[in-house]
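Visitor: I would like to learn how to read a model like this one, feature by feature. Could we start with a single residue and work outwards?

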Amino acid sequence: MDIREVLINALKGFDLRKIIKNPVMFITEIAFFISIFIIIFPSDFNVPYTSVYIYFYISVTVLLFLTVFFSNLSTSLSESQSKAITSSLEKMKISTKANLLKDGKIIIVNSGELKKGDTVLIRKDETIPSDGEVIKGSGYVNESNVTGESRPVLKLVGDSVTGSTKLVTDEITVRVSVNPGESFIDSMIKVVQNAVREKTPNEIALSIFLSGVTLIFLIVVASIFSLSTYTGIKPNIDILLVLLVALIPTTIGGLLPAIGIAAVNKVSQYNIISKSGKAVENAGDIDTIILDKTGTITMGEREAVKFYSNQNYDYKEFVKNALLCSVNDETIEGLSIVRLAKKENINYSEEELKDYEFMPFSSETSYSGIKNGDKYILKGSIRSLSEKLNLNDAYINGVCKEISLKGGTAIPVASAGKFIGVIELNDILKPGIRDRIEDLHKMNISTVMLTGDDEVTAAYFAREAGIDQYIANSKPDDKYNKVIEEKNKERMVAMIGDGTNDAPALAKADVAMAMNTGTQAAKDAANMVDLDSTPTKLIDVIFLGKQILITRGSLTTFSIANDISKYFVIIPAMFYLFPELGFLNLLNLTDPLRAITAALIFNTVIIIMLVPLALRGVKYTPSGASDLLKRNIMVYGFGGLVFPFIMIYIIYILLGLGGIAW
Amino acid sequence: MTSIYNIIDGNRAVSGLIITLIYIALALLFGYIISGYIKKLYTDEEEKTWLYPISGRIVKFFEKFLNEDKNKQMKFKEYFFTLIMFNLFAGVIAFIFIFFQHDFPYSYANNHMTLSLTFNTVISFLTNTDIQHYSNTFDLSILSWTFVITGLMFLSAGTGFAASMAFIRGILNDNGRIGNFYHDFLVSIFYLIFPLTILVTIIVIAMGIPETLSSYINIYPIGSQAVKLPLGPVATLVSIKNIGTNGGGFYGANAAFPLGNPNWLTNIVEYISFMLIPVGSVISLGKVFDKRFGNMIVGVLVVIFVATSVLTFISEYIGIPVISSLGIFTGNITGKESYLGLASSSTFQVGAVFTSTGASTGGIVDYTPTGLLGLLSQLVLNDPLGGVGTGIVNIFTYIIFTLFITSLMIGKLPELMNIKIGSKEIKYSTLSLITHPLIIIIPLGFTLLLPLIMGTFYNGFPSNISNLLYEFASAASNNGSEAGGFLTNQSYFNYLDGIIMLLGRYLILGIQLLLAQQFAFKKPKTVYDKSTIDTGSVSFGFMLLAVILMIGLLSYLPIFALGPLYAWAKDFNFVVMGWI
């Protein structure tokens with residue numbers, strides 16, 4: 001981050017044409033200009049001009065400048081973040097030559113000239129020139145410059161490919177799906193840039209509210225001019241300016257633009273393309289989230305999770321045998337058995353396997369194993385092994401049944417004419433998923449899991465992960481129906497999808513995140529695309545959406561609650577000529593000018609103090625609405641009431657210690 | 001040594017507080033009784049009311065005549081245009097009639113008003129304000145009273161209630177329409193306002209308020225010159241003035257005049273009758289929408305109401321320190337009717353500013369500074385309970401704000417009963433809420449700078465500031481009570497007040513109906529799953545109260561400081577005086 005540029009941009013923010021979009025800061029800047037004029041032409045403003053007052057006017061001018069500057073600084077800080085993001089995105093875009101297929105001939109063109117519907121041929125080690133869909137061939141694509149994932153991804157006919165990624169094997173033909181300037185990376189850059197320029201509907205609503213409050217205080221302060229004149233006190237314009245700036249909601253007004261930009265930046269840092277800033281805010285409002293079981297809640301691959309030895313058979317011996325018969329088995333199951341055995345500290349030596357011959361799994365036999373003459377270790381389905389070895393073991397049958405009730409697959413192992421134990425294969429929950437689902441519950445978001453698995457498996461995983469509702473044996477249109485059902489109940493729905501058959505549901509859902517590995521149709525229908533295809537990120541986006549809104553609401557409450565203390569400091573100081581009004585002077589500040597300065601210093605400093613909070617978002621621990629409301633009312637409402645009293649008092653004392661007595 | 005405890009102690013303080021609470025309890029009780037009936041009007045179920053056989057026929061007759069009915073629903077533009085045209089038409093007729101009243105029968109030579117006074121008076125009654133800048137009952141002829149003023153009183157109340165029907169319908173509807181103005185107006189008049197007026201008229205005639213077409217009688221008090229005692233359709237006027245939260249009495253002294261409010265019983269009847277529709281409407285919200293939501297609103301309003309009633313009563317009870325320190329603990333009886341006493345008078349007065357009635361039982365100018373503060377704070381809040389109809393709409397704009405802030409604080413996009421609150425809704429709520437302070441503070445700041453006008457004030461600083469604020473706040477909130485303290489009948493105030501009343505009524509009403517139009521596209525649904533703001537909860541009620549006080553009241557602190565607060569600090573500050 002270039003600090004010089006940030007500072008320069010903060011100064012550029014003083015441009016009236018820019019700042020007028022933020023009425024609160026606009027008023028503050030005008031006040032700043034007037035305060036300069038007061039120093040230069042004091043007689044025109046009819047204000048006292050002793051040396052004490054000159055110091056006061058200068059410090060007011062400096063503080064007003066800093067108020068606007070700090071606000072601009074927060075905006076330019078977040079803008080520089082987004083610039084860093086866009087420039088790194090720009091770097092991703094690789095301009096390349098493309099083999100355009102036209103009338104059966106290959107024409108070499110620049111990638112920037114490709115239009116939607118064009119067909120291009122990509123050979124091994126060539127860069128894919130544009131976003132599109134594979135229509136012929138297949139090959140591995142390295143997408144590391146977009147997703148950061150270095151393992152190449154297999155792309156088949158119908159899959160989507162992203163421009164600027166690289167084909168590392170084979171040859172594919174791709175139909176271009178976007179026009180120049182509309183590609184993924186382009187749209188991502190656009191969103192980040194738009195966050196700087198455009199306000200979301202919620203942001204607009206809050207700005208209107210703040211403008212209304214500002215207008216009231218403007219009129220109120222103007223009326224004090226009349227009141228003072230009427231009562232025969234010469235109104236001091238400079239003090240009126242301070243009161244105005246103290247009363248208008250400068251805290252939230254100054255930080256509002258930065259909050260929105262920072263949020264969109266964060267989304268980009270998650271490697272998610274959001275098609276609009278609004279979608280992120282909507283995410284905070286979700287009532288129901290629809291999740292796929294496989295790939296989102298579970299790892300999606302069947303792995304060995306537990307060994308069960310037969311009665312009267314040594315456990316370690318059994319694990320050893322299971323390991324031996326799987327060492328050469330290169331299926332996912334086999335590999336995972338080896339892994340699990342190693343985890344249990346069971347090892348083998350090559351010696352032990354030397355004489356054995358490996359029999360791979362085949363669909364006719366339904367088992368695999370090793371054999372050395374009449375010595376053998378076999379693993380396979382219970383039916384095939386029972387038939388082959390003519391075995392019937394009640395205990396093993398029971399274990400197998402139990403495993404299948406959990407949705408797992410039982411792999412019995414047989415050796416020397418009897419079953420020696422069972423290996424349980426099961427899909428496993430993604431690490432940490434339980435906690436995420438628990439967080440969703442705390443936010444009162446109900447969770448729905450869809451799976452093509454049978455009832456038993458679905459029920460098992462729903463229970464394990466803490467999912468509220470599941471749909472087993474789901475058909476392709478179940479997702480769509482569920483979205484419609486929830487929408488009819490006036491609930492906001494979020495979902496993840498990747499296939500073309502998900503597209504209608506994605507289009508209907510309020511927050512729809514498509515996986516980058518998904519089809520083009522799914523990506524078009526969604527309002528967010530996850531570049532690394534990590535489905536659980538949707539939960540992060542929901543968190544983020546809530547955080548933006550909470551940050552805005554809390555700072556607004558804080559800002560308005562602050563007014564009470566500022567009133568009770570400035571009003572008695574302003575009317576110190578009426579000693580009767582001393583009862584309003586709750587802090588008993590005896591030096592009026594110093595009190596007013598202290599209030600303005602607080603008003604200025606609080607902005608820069610809250611910049612990190614605005615950029616990071618307020619702390620958000622998932623909890624129910626009423627608890628959260630109570631907590632935030634306490635922290636930002638009562639805190640906003642009491643905190644400034646304390647701070648202004650401390651600043652007042654410090655100013656006195658610093659020898660400033662007016 | 002005088003101490004505050006000398007004054008506070010004693011049975012009279014306790015009994016006064018009990019009287020105050022009894023008044024409030026009675027208002028709530030009768031409001032509750034009528035709330036079910038009002039609910040039926042709000043939900044378009046007037047056929048289910050017991051008045052349907054009579055009122056239904058009358059309404060149908062008029063509808064047939066106008067070729068309108070409730071199925072011809074209007075959008076905002078048409079509804080508001082009809083409302084404005086109807087009011088404008090009535091206003092013009094009333095203006096012509098009053099300006100030329102001495103040319104009509106049943107009038108006397110002294111029944112005459114200047115142009116500015118006619119302008120002010122017509123707008124005043126048209127907008128449900130009923131500020132009375134004319135001082136003499138003889139300024140208006142009996143015919144003007146009977147037809148024009150009474151007519152406008154019905155019309156303004158009917159318009160207000162019709163607008164509230166449209167507002168509620170806007171929330172309930174999903175067809176983008178807010179109702180038929182003619183139908184709503186007729187229903188308001190013939191199902192609600194007219195029957196209640198008849199009922200109250202009968203009650204108050206029985207209690208001794210006169211009702212006649214003769215204009216005055218001469219009284220010959222012993223040892224004094226002959227006095228003309230004005231008479232007229234007083235009972236009818238008292239009834240509609242209260243039922244319609246109008247507030248303009250036949251007698252200049254309003255409810256403080258013995259023939260307008262003869263005894264403590266009529267005082268209670270009048271109090272209940274002007275609280276009736278506003279309280280009933282607010283309680284009915286719980287029946288129209290959701291019970292807990294309604295209870296929350298009633299709760300918040302009762303807190304404000306009890307607080308101000310007690311503040312004003314205690315202030316009046318403690319009285320004027322200079323007198324109390326002599327050992328005479330009468331309380332502040334200046335300008336109050338002795339037969340009503342302090343508690344009844346001050347409670348009546350707070351009720352009259354808490355609703356937009358503005359009737360008065362005494363000289364408001366003579367209230368103690370903090371007593372006056374209690375009244376002023378209601379006026380600057382745009383009369384929290386409002387007038388007939390307008391109250392519930394006002395409270396909704398505060399609710400929308402509160403929902404906006406609280407929803408953000410829990411990380412949800414704001415919604416009112418499942419209808420999203422977007423930038424447009426916030427825009428209209430903001431406009432509606434800031435218009436009120438703007439049309440008070442701008443004229444106030446301007447007038448203070450005119451020495452010629454400020455020279456017509458009698459009491460000097462700081463009372464003048466309080467009185468000026470009271471005048472504009474009363475006009476802007478269409479309340480109509482007057483503190484006076486200056487020459488009210490001068491063309492500057494006649495015209496300026498007239499404009500403030502117009503803006504305070506029609507501009508705010510227009511913005512609020514526009515808001516209703518925004519809500520008219522989706523059905524409301526109150527859901528209390530734990531993820532949304534529970535609008536029936538204590539924390540929400542607390543926030544609503546905070547928003548009302550912060551947005552509505554806090555902006556006036558500087559003016560309060562140099563008005564009532566300074567007056568209190570100067571002569572009433574017990575700490576300074578060593579009472580505490």
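Guide: Let us begin with A:Glu113, keeping in mind that this is a predicted model. A:Glu113 counts as exposed because it has 12 C-beta neighbours inside 10 Å, and 12 or fewer is the cut-off for that class. The residue is found in the loop between strand E2 (105-110) and strand E3 (119-122) of chain A.

Visitor: Which residue, 66 residues apart from A:Glu113 along the chain, has its C-alpha atom separated from that of A:Glu113 by 8.5 Å?

Guide: That residue is A:Asn179, so placed that the two C-alpha atoms are 8.5 Å apart although 66 residues lie along the chain from one to the other.Visitor: How should I read backbone angles, and where do they stand out here?

Guide: The general idea is that most residues other than glycine have a negative phi, and most peptide bonds are trans. A:Asn312, which is not a glycine, has a positive phi of about 60 degrees, and lies in the loop between strand E11 (298-309) and helix H12 (315-326) of chain A. B:Thr245, also not a glycine, has a positive phi of about 45 degrees, and lies in the loop between helix H8 (234-243) and helix H9 (264-288) of chain B.

Visitor: Are these two residues, A:Asn312 and B:Thr245, buried or exposed?

Guide: A:Asn312 counts as exposed, because it has 6 C-beta neighbours inside 10 Å, whereas B:Thr245 is buried, with 36 other C-beta atoms within 10 Å.

Visitor: Which residues are joined by a cis peptide bond?

Guide: B:Phe461 and B:Pro462 are joined in this way, with omega at about 0 degrees, and B:Pro462 is found in the loop between helix H16 (451-454) and helix H17 (463-476) of chain B.

Visitor: How do I read a helix, taking H8(A) as the case, and how many of its residues are buried?

Guide: An α-helix has 3.6 residues a turn, so residues three or four places apart point the same way. H8(A) has 31 residues and reaches 45 Å from its first C-alpha to its last, close to the 45 Å expected at 1.5 Å a residue. Of those 31 residues 22 are buried, so H8(A) is largely enclosed by the rest of the structure. After H8(A) comes A:Gly232, whose phi is positive, near 90 degrees. In chain B, helix H6 (residues 142-172) has 31 residues and reaches 44 Å, close to the 45 Å expected, and H6(B) is mostly covered, with 26 of its 31 residues buried.

Visitor: How many residues of chain A are in contact with chain B, and how many of chain B with chain A?

Guide: The contact involves 57 residues of chain A and 50 residues of chain B. On the side of chain A, the elements that give two or more residues are helix H8 (201-231), helix H22 (537-574) and helix H24 (625-657), and H8(A) gives the most, with 20 residues. By residue class, that side of chain A divides into 32 nonpolar, 16 polar and 9 charged.

Visitor: Finally, how do I read the packing of two helices, such as H15(B) and H18(B)?

Guide: Begin with the angle and the distance between axes: helix H15 (residues 423-448) and helix H18 (residues 491-519) of chain B pack at about 170 degrees, with their axes 9 Å apart. The pair is therefore roughly antiparallel, since angles over 145 degrees count as such. The residues of this contact divide into 12 nonpolar, 7 polar and 2 charged; among them, B:Leu431 and B:Ile439 belong to H15(B), and B:Leu503 and B:Ile511 to H18(B).

Terms used:
Residues numbered from 1 in each chain as written. Chains lettered and ligands numbered in written order. Predicted model: local features only at pLDDT ≥ 70, side-chain atom pairs only at ≥ 80, totals over all residues. Axes fitted to C-alpha atoms, helices over the stretch in contact; angles between N-to-C directions. Helix = DSSP H or I, 4+ residues; strand = E, 2+ residues; numbered from the N terminus. Parallel < 35°, antiparallel > 145°, perpendicular 65-115°, else oblique. Contact = placed C-beta atoms within 7 Å. Nonpolar A, V, L, I, M, F, W, Y, C, P; charged D, E, K, R; others polar. Expected span 1.5 Å × (residues − 1). Buried ≥ 20, exposed ≤ 12 C-beta atoms within 10 Å, placed from the backbone.
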